[in-house]
Structures are given as C-alpha cells and as structure tokens.
Amino acid sequence: MRLLHNRFTRWLHARIRSSIVTRTTLAIVALSLILGLSFASFVSTSVERREQQRGELLQQQLLSTIERTAQIACYLKDSTLAAEIAQGLMRNRAVSGVSIAAGGSILARVGNSARTAKTGIDNSVIVRPIYSPFDPAERVGELALLVDREAIHAEASADSRASTLAMGLQAALVAMGVAIAVYYFSTRPIRAISTELHRIQIESGARLRVPANNRYDEIGTLVTDVNALIASLEGLLTTERQLRIAHEVSERKMRLIIEKAETGLFVMDNHGVLESWNPAFVRLLQLTPEQLPQSGLTSLQQLLETHAVRLNQLLNQCLSTGHSYDLDLNMAPPGSSRTVWIEVTLNPIGATALQGVINDISDRKQSELSAQEMASQDILTGLLNRRGLDANLGAVFYKPLPESASQLALLQIDLDLFKEVNDIYGHAGGDRVLRHVAGVLERNVRRGDLIARPGGDEFVIVLVGITDRSKAEEIANAIVAEIERPIDIDGHSVQIGASVGIAFAQAEGDSPEALARRADSAMYAAKRAGRGRVALAPEALAPEAVPNPTNAVA
Amino acid sequence: MCLFLRVLLILALWSVARADGTQTLVVIVNPSIGVQHLSRREALDIFLGRYRTFPSGASALPIDLDINSNERKQFYLLLAHKDPADMSSYWARLTFSGKISPPFAVADGHMAVDIVANNPNAIAYVDRASVDNRVRIALEITP
C-alpha cells in the first residue's frame with residue numbers, strides 16, 4: 001500500500017514536471033478548491049444568517065397570525081383555545097416549545113419549556129406580551145416561544161452543503177474543461193513542434209511546419225522565429241566552416257613556410273629548453289641524427305655547448321629587458337679554415353617563453369672579413385690592420401731615415417689573459433678591452449709611428465726613427481705597465497697583461513718580414529719567461545735563436 | 001287605553017330617537033343584586049364572557065339585543081370599539097373551545113328590561129327610554 005502510494009507520488013511528480021496539462025489542471029483544481037471552500041464558507045455563513053433571519057421573521061409572522069386568537073384566549077383565560085394555538089405553533093419545525101400564560105397562570109404549555117431546555121443547546125426564547133383584544137392598554141398575558149436554533153442551523157447547513165456541492169461540481173467541470181482546452185490549444189501543438197524540432201537535422205534545409213490552426217497566434221510566431229533561428233544558425237555554421245577552411249589553408253601555408261624556411265625557427269622556455277623547431281634549425285646547428293633535440297628536455301645551451309656561457313647571457317638579457325637581442329656564433333669546427341657563422345636572435349614572448357631565429361651569416365661574415373682585409377684599417381680599434389701594416393711597414397722600412405734617428409724598431413705585443421676575458425664577458429667585453437689597449441698604445445707612441453692590430457689580441461708598433469734602442473724598451477715597459485692596470489667593464493674590474501717582443505731593423509740584409517718574425521720570436525720568448533715581460537730580439541742571430549729575455553719593469 | 005297610550009309614547013320616543021339619531025344606552029341590572037354601579041370595563045368583561053360574575057361575586061347573566069339592532073351595534077362600538085363583523089369573528093373563534101358562548105339575545109329592549117326585572121342575575125343594555133323603575137341603571141354609556 002505504502003509502496004503503491006510512493007509510486008503514485010513519483011508518477012505525479014514526473015507528470016507535473018513534464019506535462020503542462022497536469023500542472024494546469026492541478027493548479028485549477030487547487031484554485032477551485034480554495035475558492036470553492038472560501039465561497040462555501042462565506043455562502044454557508046450567509047445562508048445560515050439568512051435562514052436564521054427568515055426563521056425569526058417567520059416566527060414574528062407566526063406570532064402575528066395567531067395574535068388575535070391568543071389575545072382572546074388570554075383575555076378569556078381559555079386554555080382550550082390556548083392549547084389550540086400552541087399546537088398550531090408547534091407544527092413549525094423551528095419551534096420546540098410554546099407556553100401561554102395569562103393572569104399569572106399557564107394556559108397552555110407544549111413541548112420543551114424555556115425553563116426545562118438544556119443549557120448549551122442554542123435555544124432562544126421569544127416572549128411576546130399579549131394585550132386585551134378590546135383594550136390595547138391592558139396586558140392580559142404573554143406567549144413564550146422556544147425557538148430550536150439547532151433545527152434552523154441544520155436546515156441552513158443542508159442548504160449550504162448543497163450549494164457547496166454544486167460549486168465543487170462546477171469547479172471540477174471547469175478544471176476538466178480548462179485541462180482539455182490547454183491540451184488541445186497549447187500542449188498538443190507544442191509537443192508536436194518539440195518532437196519535430198528534436199528530429200530536425202541542421203543544415204539539411206529542413207524547417208518546422210507551422211500548425212494550420214496556429215498560423216496567426218503565439219505558437220505560429222514561435223515556429224516562425226525558431227525557423228529564422230535555424231536559418232541564421234545554418235548561415236553561421238557555413239561562415240564558420242569557410243573560416244575554418246581558410247584558417248587551415250593559411251596555417252598549412254605558414255607551416256610550409258616555416259618548414260621550408262632557410263631561417264632556423266624555434267621556441268624555448270625561459271631556461272632555454274626547446275619546445276619546437278623547424279628543419280632549418282637542425283640544419284643550421286649542424287646536428288647529427290643522434291644530436292636531435294627532444295622537445296621539453298634538450299636545451300639550446302646543450303646543443304651549442306661551446307657557446308653556453310654567452311647563450312645564457314643572451315637569454316638573461318632578453319628576459320630582463322623584454323627586448324630582443326642577437327648573438328653571432330662561430331660554428332666552424334676547430335681546426336677548420338671554413339667560415340661558418342650563425343646569428344641567434346631571441347625574442348621574449350612574455351616572461352616564460354622565447355622565440356628564436358637562427359640565420360646563416362657565414363656569407364656576411366665572410367664578406368665582412370674580406371672587406372676588412374681589403375681595407376687597411378681595423379674597424380674595431382681604428383688601428384692599421386695586417387694589410388695596412390704590411391703596406392706601411394714596407395714603406396717606412398725602405399725609406400731612408402735621417403742620420404740622427406736611423407733606428408727602426410718593431411714591437412710585437414700580445415695580450416695575456418685576453419681569451420678568458422672574452423669567455424667571461426663575451427665579444428663585447430673583448431672588444432672593449434681591445435679598444436682600451438689601442439688607446440693605451442696610441443698614448444705611448446709618437447706621431448709618425450705605426451700602430452696596428454693584425455688580428456685577434458695581437459698588436460704591432462713600429463717606432464720610426466728612434467735615436468737609441470733603450471727608448472724602444474722604455475716605451476714597451478710603459479705600455480706593459482699601463483695595460484696591467486685594471487680595466488672597468490660594466491662595473492667589473494678586469495685585469496689583463498701584455499707580453500712584448502722588440503726587434504730592431506738591421507742595416508743590411510734585413511726585410512720587413514724578417515723583422516716581424518724576430519719580434520714575434522722575442523714576444524714568445526717573453527711569454528715563455530712569464531707574462532708581463534718585454535723581450536729584445538738578439539742582434540745578428542739567426543731567427544731561430546732563442547733570445548734572452550730581459551726583465552720587464554717591476 | 002293605557003296600553004295604547006304607552007305604545008304611542010314609545011313609538012313617539014322611538015321616532016324621536018330615530019329622528020335625531022341619538023340614543024342613550026344604559027346598562028341595567030336587577031336592583032336586588034345589590035350592584036350600584038359598574039365601570040365600562042366591568043360591564044364589557046361580563047358581556048364578552050371574561051367574567052361570569054359581578055364584581056361583588058354574584059353570578060351575572062348578560063342579555064344581548066338582536067344582532068341587527070342598533071343598540072347592540074352602538075353598545076359594542078362604544079365599549080369595545082368593535083363593529084358587528086369584529087364581534088362575529090370574536091364569537092366565532094370561541095366556538096372552538098365551546099366553553100364560552102355568546103350572551104343570550106332578545107328581540108328588543110322591552111324584553112330585555114322584563115328579563116332583568118324578573119331575573120336578579122340578569123344584566124342588559126337598553127335605550128334609556130326603555131328603562132322603568134323595576135330595573136336599576138348601573139352604567140350610562142355616553143359616546
């Protein structure tokens with residue numbers, strides 16, 4: 001029984017949720033019940049009141065009807081007549097007792113008397129004085145009527161019950177009618193549309209049919225609007241698809257461009273760990289199949305191990321400033337004469353990722369180098385380059401010098417610890433040092449002397465026309481001393497040193513090349529003897545001979 | 001002769017009474033009953049059957065006049081303010097109980113006077129003109 005009840009409750013809940021008809025019917029039934037009950041209670045009270053009033057009126061009328069006879073009965077103290085009257089009154093259902101008294105005695109008493117009536121029963125007594133039929137001023141007796149309110153009440157209740165029942169029946173019929181109307185005019189067409197909409201395939205061109213009876217009402221409008229919505233949805237889908245195709249095509253193009261690009265492209269995180277790259281990246285870094293990076297594991301620093309320090313600097317520079325920076329790297333294998341250079345450019349993408357570009361700049365580097373070679377001046381320091389030195393040395397070597405200053409000295413200067421500076425502070429740091437040294441050299445020679453940087457950290461000074469040899473030594477020592485002073489590079493104090501080899505041109509059988517060789521040998525001798533020294537090339541000795549270095553200043 | 005004269009006189013008086021439309025009704029009793037005076041109500045109560053006795057306690061026998069007589073009409077009209085129809089209705093109601101019946105009616109005042117004169121308990125109303133010394137006037141009914 002309980003189970004059945006639960007199942008019914010569940011079923012009812014489901015119906016209420018899913019069926020408008022059920023919901024509407026229930027709402028109407030509930031409303032009719034509430035309204036019906038309140039109306040019924042109102043009606044029953046009003047019916048009861050009316051009934052009561054009617055009863056009272058009836059009693060008054062009743063009393064008026066029998067009044068004359070009662071007057072006579074009381075006047076004559078005629079108990080027979082009085083009994084007659086009392087019997088007559090008792091015929092009324094609302095009257096439960098009658099008592100007629102005249103001159104202090106009871107003429108007639110029928111039914112319950114007011115005195116014997118039980119308390120609690122809602123009875124009431126109507127007492128009417130009776131006057132003489134011949135003298136309205138003479139009171140001859142009184143008539144007491146015991147009214148049975150219960151009877152009146154019962155009658156009224158019966159009446160109100162009947163009207164309540166009628167109302168309930170009416171409410172039930174109205175509810176049923178509304179339910180049927182809702183089903184036929186609203187639920188059924190909506191369900192039909194819903195089913196149709198459920199089956200409709202978008203982009204099949206199918207549309208909802210407007211129910212014939214609802215063409216001009218809200219349902220018709222709804223269907224039209226839904227159709228419009230479907231149409232616009234289809235339009236949007238078509239546009240979307242076209243856009244997607246266009247996007248795919250452009251993406252494929254982009255991928256193709258990236259794949260086929262001569263430029264190496266890659267993305268890495270803020271630690272340098274590679275995420276993606278294109279074939280040109282692999283090619284430019286000259287990676288063997290074993291060296292191929294693994295996405296998310298291999299870093300650029302691992303791939304370019306020899307340049308790891310500089311790559312880290314570049315990475316930090318990019319991330320701290322948010323700008324892109326580039327770096328030229330020499331990819332030539334050790335001992336190779338080929339010029340292989342790449343340029344790595346990093347563009348930060350936010351704080352955690354960088355996009356990189358790698359270009360082969362071998363050709364550019366090559367042409368730079370050749371251009372530099374073609375020129376006589378070193379671009380970095382403004383000193384003569386090898387070519388300039390060769391040209392100018394030849395000129396001063398063979399030019400006759402004045403008697404007083406007949407000496408020609410060549411100082412071969414090589415920097416100590418320069419490679420370390422380059423490794424720590426990069427090319428830029430190295431370049432700063434080279435320019436600093438160039439400045440030192442320029443300050444320590446006279447006008448007319450030659451200063452050159454034939455390459456790397458190698459400098460050559462040609463002292464033209466000195467009076468005695470010790471002057472050359474003096475200059476060399478001054479230079480060594482000055483170079484040894486700390487140099488400031490980006491707030492860091494850097495100390496390098498210099499080793500100097502000095503050779504003097506000989507009066508006979510000498511050549512610029514031989515002079516340079518002797519100076520070079522002397523410089524090596526100085527280096528071997530310990531850095532920061534000045535060594536003189538021995539006189540008239542074979543170039544192979546090892547000179548004795550002299551101590552440098554301090 | 002005497003009878004003739006008396007008849008003539010009565011007729012003359014009657015005609016006079018008729019002519020000016022005024023009669024003076026009086027309630028008469030037998031002098032032996034000892035009733036000197038009756039109020040209008042006392043007289044009416046006896047004639048309407050409420051009391052069967054005089055205020056003194058002696059039994060009373062009301063005598064009505066003919067139902068169509070002017071005196072009867074006048075009497076009830078003046079004392080009870082009821083017309084003959086009302087009075088008929090009154091008595092008709094009482095026929096149910098059967099306890100009280102309307103007073104015995106006589107044809108005219110003389111007959112009534114005779115009855116009162118001969119019956120100590122009798123009481124009647126008559127035109128003053130009909131009264132003789134055998135009866136006592138207990139009440140004079142003036143309009």
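Trainee: Is B:Arg128 buried, exposed or partly exposed?

Mentor: In this predicted model, B:Arg128 has a relative accessibility of 35%. Buried requires a value under 20% and exposed a value over 50%. Because 35% falls in between, B:Arg128 counts as partly exposed.

Trainee: Where in chain B is the place of B:Arg128?

Mentor: The two flanking elements are strands β4, covering 122-127, and β5, covering 136-141. B:Arg128 therefore combines its partly exposed state with a place in the loop between β4 and β5 of chain B.

Trainee: Which residues does B:Arg128 touch, not counting residues up to four places away in sequence?

Mentor: A spatial reference is given by B:Gly109, which is 19 residues away from B:Arg128 in sequence and 9.3 Å away in space, C-alpha to C-alpha. Contact, by contrast, requires heavy atoms within 4.5 Å. With residues up to four places away in sequence set aside, the residues touched by B:Arg128 are B:Thr24, B:Val26, B:Ile137 and B:Glu140.

Trainee: Which residues touch the most other members of the largest nonpolar core?

Mentor: This core has 70 residues. Its greatest contribution from a helix is that of α2 of chain A, residues 20-76, with eight residues. In general, nonpolar side chains tend to be buried together in soluble globular proteins. The members of this core that touch the most others are A:Ile100, A:Leu143, B:Leu48, B:Phe54, B:Phe75 and B:Tyr90.

Trainee: With which residues is B:Phe75 in contact, leaving aside its neighbours within four places in sequence?

Mentor: B:Phe75 is one of the core members that touch the most others. Once the neighbours within four places in sequence are left aside, the contacts of B:Phe75 are B:Leu25, B:Val27, B:Phe47, B:Ala80, B:Tyr125 and B:Ile141.

Trainee: How many residues does the other core, which lies apart, have?

Mentor: Its members include A:Val421, A:Leu463, A:Ala472 and A:Ile489. This core lies apart from the largest one, and its number of residues is 34.

Trainee: Are α2(A) and α3(A) roughly parallel or antiparallel to each other?

Mentor: Their axes come within 9 Å and cross at roughly 165°. Angles over 145 degrees count as roughly antiparallel. The helices α2(A) and α3(A) are therefore roughly antiparallel.

Trainee: How do the residues of the contact of α2(A) with α3(A) divide by class?

Mentor: The crossing of α2(A) past α3(A) is left-handed. On the α2(A) side the contact is made by A:Leu62, A:Ile66, A:Thr69, A:Ala70, A:Ile72 and A:Ala73, and on the α3(A) side by A:Leu81, A:Ala82, A:Ile85 and A:Leu89. By class, these residues are nine nonpolar, one polar and no charged.

Trainee: Where does A:Lys77 lie?

Mentor: A:Lys77 is not a glycine, yet has a positive phi of about 50°. At 39% relative accessibility, A:Lys77 counts as partly exposed. Its location in chain A is the loop between α2 and α3.

Trainee: What is the relative accessible area of A:Asp490?

Mentor: A:Asp490 also has a positive phi of about 50° without being a glycine. Its position is the loop between β13 (487-489) and β14 (492-494) of chain A. Because exposed means over 50%, A:Asp490 counts as exposed, with a relative accessible area of 63%.

Trainee: Is α1(A) roughly parallel or perpendicular to α2(A)?

Mentor: Helix α1 of chain A, residues 2-18, packs on α2(A) at an angle of about 105°, with the axes 5 Å apart. Angles of 65 to 115 degrees count as roughly perpendicular. The orientation of α1(A) to α2(A) is therefore roughly perpendicular.

Trainee: How many nonpolar, polar and charged residues does the contact of α1(A) with α2(A) have?

Mentor: The participants are A:Arg15, A:Ile16, A:Arg17 and A:Ser18 of α1(A), together with A:Ile20, A:Thr22, A:Arg23 and A:Leu26 of α2(A). Sorted by class, they give three nonpolar, two polar and three charged residues.

Trainee: With which residues is A:Glu234 in contact, leaving aside its neighbours within four places in sequence?

Mentor: A:Glu234 has its place in helix α5 of chain A. With a relative accessible area of 12%, A:Glu234 is buried. Neighbours within four places in sequence aside, A:Glu234 is in contact with A:Ile202, A:Glu203, A:Ser204, A:Gly205 and A:Arg207.

Note on methods: Residues numbered from 1 in each chain as written. Chains lettered and ligands numbered in written order. Predicted model: local features only at pLDDT ≥ 70, side-chain atom pairs only at ≥ 80, totals over all residues. Heavy atoms only, no water. Core = buried A, V, L, I, M, F, W, Y, C linked by side-chain atoms within 4.5 Å. Buried < 20%, exposed > 50% of the residue type's maximum accessible area, 1.4 Å probe, protein only. Helix = DSSP H or I, 4+ residues; strand = E, 2+ residues; numbered from the N terminus. Axes fitted to C-alpha atoms, helices over the stretch in contact; angles between N-to-C directions. Parallel < 35°, antiparallel > 145°, perpendicular 65-115°, else oblique. Left-handed = near helix turned anticlockwise from the far one by under 90°. Nonpolar A, V, L, I, M, F, W, Y, C, P; charged D, E, K, R; others polar.
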